[in-house]
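Hi everyone, thanks for coming. Have the structure up on your screens while I talk, and stop me whenever something is unclear.

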Amino acid sequence: MARGGFRGGSYGGMNQANMMRQAQKMQKDLLKMQEDLEASTYTATSGGGVVTATVTGKREVQSLVIDPEAVDPDDVEMLQDMVIAAVNEALRQAEAAATQNMARLTGGLGGGLGLGF
């Protein structure tokens, strides 16, 4: 048999038990990472800081702070736009953190795992 081929039921020096241990460790690490992400918060501002939105790693809005000077009854649309911008930026931060952690855990292979991150 050629060098590096199958030897005694192992492939490249890695037997099934070792592969299972690694898969279990990866699953444990993935669950821990998901818990950490869900416990994290991400904050963004818009309108020069007059609107601040904070979201969780679960992608839920945790808080929304609007400086009273941003409230102009004659321009409600601008306030709405600032709220949307702050919330969307905070959500982008949460998504980027999830993607970065997944890439670190899987060595960059996370995109095709269908894990919803």
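**A walk through the fold**

Let's start with one pair of residues: Val 55 stands opposite Val 61, which belongs to strand E3. Before I go further, please keep in mind that this is a predicted model.

So where does that pair sit? Strand E2 covers residues 51–56, and 5 bridges join E2 to E3, with the two running antiparallel. Another pair across those two strands is Thr 54, which stands opposite Ser 63 in E3. If you're new to this, strands of a sheet pair through backbone hydrogen bonds, either parallel or antiparallel.

Now zoom out a little. The sheet is open and has 3 strands, ordered E1-E2-E3, with antiparallel pairing. On the edges you find strand E1 (41–46) and strand E3 (61–66), each of which pairs on one side only. On average, neighbouring strands in this sheet are turned by 15° against each other, ignoring direction.

Follow the chain from E2 to E3 and you go round a hairpin, with 4 residues between the two strands. Look for Arg 59 in that turn, because we'll come back to it: its phi is positive, about 65°.

Next, the helix on the sheet. Helix H2 takes in residues 76–106 and lies across E1, E2 and E3, at about 145° to E1. Here's a little check you can do yourselves: with 31 residues at 1.5 Å a residue, H2 should span 45 Å, and its end C-alpha atoms are indeed 45 Å apart, so the two agree. Right after H2 comes Gly 107, with a positive phi near 70°.

Which parts do the buried residues of H2 pack against? They pack against H1, E1, E2 and E3. Those buried residues include Leu 79, Met 82, Ala 86, Ala 90, Ala 94 and Asn 101.

That brings us to the core. The largest nonpolar core has 11 residues, among them Leu 30, Tyr 42, Val 55, Ala 94 and Met 102. Helix H1 (16–39), E1 and H2 each put in at least two of them, and H2 gives the most, with 5 residues. Notice that Val 55, from our opening pair, is one of the core residues.

Take Ala 94 as an example. Leaving out neighbours within four places in sequence, Ala 94 is in contact with Tyr 42, Val 55, Thr 56 and Arg 59. There's also another core, apart from that largest one, with 9 residues that include Val 50, Ala 53, Leu 79 and Ala 86.

Let's stay with Val 50 for a moment. You'll find Val 50 in the loop between E1 and E2. Is Val 50 buried or exposed? Its relative accessible area is 12%, so Val 50 is buried. Not counting residues up to four places away in sequence, Val 50 touches Val 65, Ile 66, Asp 67, Glu 69, Ala 70 and Met 82. Val 65 is 15 residues away along the chain, yet the C-alpha atoms of Val 50 and Val 65 are separated by 7.9 Å.

Last topic: charges. Side chains of opposite charge can pair when their charged atoms come close. How many salt bridges does the structure hold? There are 4, and I'll show you some of them.

In Lys 25 and Asp 29, the closest N and O atoms are 2.6 Å apart. These two are 4 residues apart in helix H1, so about one helical turn separates them. Lys 25 counts as exposed, at 51% relative accessibility, while Asp 29 is partly exposed, at 27%.

Lys 32 and Asp 36 form a salt bridge too, with 2.8 Å between the closest N and O atoms. They are also 4 residues apart in H1, about one helical turn. Lys 32 is partly exposed at 47%, and Asp 36 is partly exposed at 37%.

And here's Arg 59 again: its side chain meets that of Glu 95 in a salt bridge, 2.7 Å from N to O. Glu 95 lies in helix H2 and Arg 59 in the loop between E2 and E3, so this pair ties together parts that are 36 residues apart in sequence. Glu 95 is partly exposed at 30%, and Arg 59 is partly exposed at 33%.

That's my tour. Any questions?

Conventions. Residues numbered from 1 in each chain as written. Predicted model: local features only at pLDDT ≥ 70, side-chain atom pairs only at ≥ 80, totals over all residues. Heavy atoms only, no water. Pairing = 2+ DSSP bridges. Axes fitted to C-alpha atoms, helices over the stretch in contact; angles between N-to-C directions. Contact = heavy atoms within 4.5 Å. Core = buried A, V, L, I, M, F, W, Y, C linked by side-chain atoms within 4.5 Å. Buried < 20%, exposed > 50% of the residue type's maximum accessible area, 1.4 Å probe, protein only. Expected span 1.5 Å × (residues − 1).
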